[in-house]
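User: Please take a close look at one helix pairing in this model and describe how the two partners meet. Then set that pairing in the context of the rest of the chain.

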Amino acid sequence: TKVNVPKYLFFFSKNVQTLINFGIILLIFFVFCAFDGIVFTWKFFMLLYPVVCLVLFNLGVGLVLSAFYVFFRDMQYLWSIFTRLLMYVSAIFYTVDSFPELAQQAFHLNPVYLFISYFRQIVINGTIPSLWFHLLMLADAVIVLAVGCWMYWKYNQRFLYYV
């Protein structure tokens, strides 16, 4: 009595679990925003856009990493180092206003910075980012998802030989 389960279902289940965890943390974030005196407006509904883009981006990165993890066993250690570096260049703990204009534009090449900046603009500044910002975020998410789907589709038949 075998049940045919697609391989990507295990990957998607982890992403759904992480999305539920993110939703709970987001509720706690809104509670802290209320305690801090941040006024909730209709603009907070715009936070759904970066969350959807972030889910698509996360699925794409996960598909790429799932292919890399199978073929390169040391990828988990390299990914850990990469995420640590990514945290420092994503302007989580500092603002980019003190950098020269060219460096500020270079931050837009980092998709993680785009998500952080979007949340800051809505929650802290109370402004909606420009259309260009929306399109840039969507392009990053769609490109990474397309590359991830392509890599997974191309290499998933060879996964069994390496596991």
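Analyst: The pairing to examine is that of H1 and H2, in a model that is predicted. On the H1 side, the residues that make contact are Phe11, Phe12, Asn15, Leu19 and Phe22; on the H2 side they are Val51, Val55, Asn58, Leu59, Gly62 and Leu63.

Two packed helices are described by the angle between their axes and the distance between the axes. For helix H1, residues 8–36, and helix H2, residues 48–71, the angle is about 145° and the axes lie 11 Å apart. The crossing of H1 and H2 is right-handed.

H2 also takes part in a contact with another helix. Val64, Ala67 and Phe68 are touched by Met151, leaving aside residues up to four places away in sequence, and H2 covers residues 48–71. Met151 belongs to helix H6, which runs over residues 131–155. Is Met151 buried or exposed? Its relative accessible area is 9%, and the limit for a buried residue is under 20%, so Met151 counts as buried. Computed along the chain, Met151 and Trp132 are 19 residues apart, and their C-alpha atoms are separated by 28 Å.

A further local point concerns the loop between helix H3 (75–88) and helix H4 (101–106), where Ala91 is found. Most residues other than glycine have a negative phi. In Ala91, which is not glycine, phi is positive, with a value near 55°. Ala91 has 0% relative accessibility and therefore counts as buried.

As for the whole protein, there are seven helices and zero strands, and from the N terminus on the order of elements is α-α-α-α-α-α-α. The C-alpha trace spans about 55 × 40 × 30 Å along its principal axes. Of the contacts between residues at least 6 apart in sequence, 67% join residues at least 24 apart. Buried residues account for 30% of the 163 residues.

The surface and the charges complete the description. The protein exposes about 11,300 Å², of which carbon and sulfur atoms supply 73%. There are 9 positive and 5 negative charges, and the mean positions of the two groups are 21 Å apart.

Conventions
Residues are numbered from 1 along each chain as its sequence is written. This is a predicted model: local features need pLDDT of at least 70, side-chain atom pairs count only at pLDDT 80 or more; totals for chains, interfaces and linings use all residues. Side-chain values use heavy atoms; hydrogens and water are left out. Helices (H or I, at least four residues) and strands (E, at least two) are DSSP runs, numbered from the N terminus. Buried means under 20% relative accessible area, exposed over 50%, partly exposed in between (1.4 Å probe, protein chains only). Contact means heavy atoms within 4.5 Å. Accessible areas come from the Shrake-Rupley method with a 1.4 Å probe; for residues, only the protein chains shown count as cover. Lys and Arg count as positive and Asp and Glu as negative; His and the chain ends are not counted. The place of a charge is taken as NZ of Lys, CZ of Arg, CG of Asp or CD of Glu. Axes are lines fitted to C-alpha atoms, for helices over the stretch in contact, and angles run from 0 to 180 degrees between N-to-C directions. A crossing is left-handed if the near helix is turned anticlockwise from the far one by less than a right angle, and right-handed if clockwise.
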